[in-house]
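Here are a few friendly notes to read alongside the model. Keep the structure open and look up each place as you go.

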Amino acid sequence: MNLLSVEQLTKSYGDKVLFRDLNFGIQKGEKVALVARNGTGKSTLLRIIAGLDTADGGTISVRKDTKIIYLEQEPPFDQEKTISEILFSSEQPVMSLIKEYELLLEEQSSDPDRFDHRRLETVTARMDAEQAWDYEVRVRQVLSRLDIHDLKQPIRTFSGGQQKRIALAKVLLEPADLLILDEPTNHLDVEMVEWLEELLSRSTLSLLLVTHDRYFLDQVCSKVYELDRGQLFGYEGNYSFFLEKKAEREEMESRTVDKARNIFRTELEWARRMPKARGTKSKSRMDAFHELKKKVSGRKQDDALELDIKMNRIGGKIIELKKVYKRYDEKVILKGFDYTFRTGERVGIVGKNGCGKSTFLNMLTGKDEPDSGKINVGETVVFGYYAQSGLLVKQDKRVIEVVKDHAEIIRLSDGSKVSASQFLQLFQFPPEMQQTFVSRLSGGEKRRLHLLTVLLRNPNFLILDEPTNDLDLLTLATLEEFLLHFNGVLVLVSHDRYFMDKLVDHLFVFEGDGVIRDFNGTYSEYRDDLDDRAAARKKEEAQKRTAQESRSTPPTVARKKMSFKEKTEFEKLGKDIESLETEKAELMKQLNEGTGDHSRLLEWSSRLESVLAGIDEKSLRWLELSELES
């Protein structure tokens with residue numbers, strides 16, 4: 001069933017044509033990725049489909065009663081509204097009821113002595129009547145997974161990244177047929193990304209999304225649309241399949257253009273030699289010549305992004321951290337941390353949002369001081385810090401002015417020198433774009449300009465804090481290639497697992513309470529290690545249970561009649577199921593009351609999943625035994 005149809009869609013800004021005559025559709029349950037370079041119109045296309053922008057031409061047809069919800073890159077919230085007002089703004093009665101219930105719970109926890117419990121009892125009864133409990137549990141799971149608390153807090157008190165997570169929660173909670181997601185993984189930590197990946201993979205919703213996360217694309221999407229030079233190309237399959245087929249398409253296009261160029265050279269000679277008096281007799285050939293000329297010039301060679309700098313020499317002493325302690329109020333960031341950085345080292349940093357990763361980076365660069373201990377930085381160290389906050393310049397500055405504020409002449413790795421304008425061209429900022437105001441750049445173009453200003457310093461100690469946000473996949477591939485050959489020290493914070501796997505040798509794992517574990521391996525190896533440890537614990541627990549059962553009851557041969565052991569097991573299963581059902585009810589009550597903190601909510605939610613699995617497993621065995629004769 002087709003939910004959305006786009007026909008002959010065209011959009012331009014001034015002389016710049018973003019796309020022309022696009023045609024595509026999205027079926028029910030289909031999960032589609034949209035990929036393109038920065039500045040080519042991805043977000044504009046999503047906004048047009050969502051009804052927030054208008055096209056110059058073409059039509060968008062949406063199936064009757066199809067609800068579309070859109071997650072923007074930068075959600076336009078009313079900064080004076082609270083989280084609850086944002087999340088539960090839907091006109092649906094159930095959403096309004098849950099909002100009232102959640103606020104009552106917060107009121108109860110903040111002042112239990114003066115709280116009017118009759119109000120809560122009334123709302124609870126209404127929740128029962130509307131059968132809203134399952135939805136309310138889902139609300140709590142989404143909010144806890146995305147680390148969202150204190151629903152009465154105004155939006156203005158949150159950072160841009162936190163506001164993006166609030167917007168994502170709102171999108172995930174509202175009933176929809178088609179979700180349009182623009183960079184949904186930005187500002188999420190790796191655990192949140194993996195949770196979202198699993199949630200969307202299992203969902204029956206239709207999706208249209210833009211993301212730079214290649215693992216996410218591979219796991220979630222089954223179709224890829226590529227917006228390239230104003231045209232749309234469709235590929236059935238995941239991102240890996242898309243890369244393979246894209247290469248085949250470009251190779252075929254290249255052969256076609258080469259063949260056309262050879263014919264064009266011949267026709268050009270004929271056109272030059274053709275006497276003007278015979279022009280009318282050769283009109284058809286001249287028309288064909290002009291069509292051929294369009295074909296040859298229409299497929300221009302892409303200007304590749306070139307990352308090239310001359311790295312400052314780095315000495316033997318880089319950075320030494322000795323017994324470093326750091327905390328903010330009750331939150332411990334570092335507790336006696338010792339480490340010495342070595343030349344050419346590549347470190348990835350992972351941990352939940354708010355665990356202190358950015359604080360650690362700020363201490364390395366001297367922007368923040370430790371409470372105690374020493375951080376000794378070598379005299380030859382030149383930092384390049386690509387901060388998550390982005391480019392901090394006035395929006396009314398032109399692109400060329402931003403670069404000239406740093407340097408008029410830039411030295412490249414081969415010793416040659418280029419002007420600021422030439423350096424910008426290496427970063428895909430052509431001369432006409434260099435006079436553009438920063439405010440007019442897309443999110444990805446601003447990120448690329450930020451990266452350029454970081455590399456202008458010719459750093460030998462490069463710190464990248466979430467560099468993949470808003471960058472297109474082509475720029476990411478070029479950045480990866482540059483970093484693979486970077487001879488200085490690299491410290492990388494990223495939720496992009498593919499990016500981390502390709503670039504880092506070991507990880508600093510922020511485990512909380514000031515503990516940092518140094519793991520020797522990539523992020524995927526770290527996740528495999530966690531899974532192996534969890535599997536080993538489960539296996540050990542299962543072996544212990546089996547050993548206890550074998551000691552208490554002698555082995556018997558299976559028979560149609562129920563043995564003494566099976567009778568005992570049958571009776572025990574009944575008690576176990578009853579006990580698990582009681583625990584399930586208690587967990588549901590705890591989740592619904594919401595009196596626990598963030599960690600307790602996660603713990604209860606995780607335990608509830610285990611209890612439900614246990615009930616299913618034991619009930620199945622109970623049914624098997626009940627079929628035997630007693």
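1. Start with D465, whose bridge partner in strand 18 is V493. In this predicted model, strand 17 and strand 18 are joined by 5 bridges and run in the parallel sense. To get from strand 17 to strand 18, the chain passes through helix 16 (residues 473-484), and this β-α-β crossover is right-handed.

2. Strand 18 has a partner in strand 12 (residues 346-350) too: the two are parallel, with 4 bridges between them. One pair to look for is R346 with L490 of strand 18.

3. Now check how covered strand 18 (residues 489-493) is: 5 of its 5 residues are buried. V489, V491 and V493 lie on one side, L490 and L492 on the other, and both faces are covered.

4. Next, find N458 in the loop between helix 15 (443-455) and strand 17 (461-465). N458 counts as buried because its relative accessible area is 14%, and the cut-off is under 20%. Beyond its neighbours within four places in sequence, N458 contacts I309, K310, M311, N312, V382 and R411.

5. Helix 1 (residues 42-49) is largely enclosed by the rest of the structure, because 6 of its 8 residues are buried. Among them are L45, L46, I48 and I49. Just after helix 1, you will meet G51, which has a positive phi of about 85°.

6. Finally, try a length check on helix 7 (residues 190-202): at 1.5 Å a residue, its 13 residues should span 18 Å, and the end C-alpha atoms are 19 Å apart, which agrees. At the start of helix 7, a side-chain oxygen of D189 comes within 3.2 Å of the backbone nitrogen of E191. Buried residues of helix 7 include V190, W195 and L200.

Note on methods
Residues are numbered from 1 along each chain as its sequence is written. This is a predicted model: local features need pLDDT of at least 70, side-chain atom pairs count only at pLDDT 80 or more; totals for chains, interfaces and linings use all residues. Side-chain values use heavy atoms; hydrogens and water are left out. The expected span of a helix is 1.5 Å times one less than its number of residues. Buried means under 20% relative accessible area, exposed over 50%, partly exposed in between (1.4 Å probe, protein chains only). A polar contact is a pair of N or O atoms within 3.5 Å; within protein, one must be able to donate a hydrogen and the other to accept it, and residues adjacent in sequence count only if both atoms are side-chain atoms. Contact means heavy atoms within 4.5 Å. Two strands pair if DSSP finds at least two bridges between them. A crossover is right-handed if, with the strands pointing away from the viewer, the path from the first strand over the helix to the second runs clockwise.
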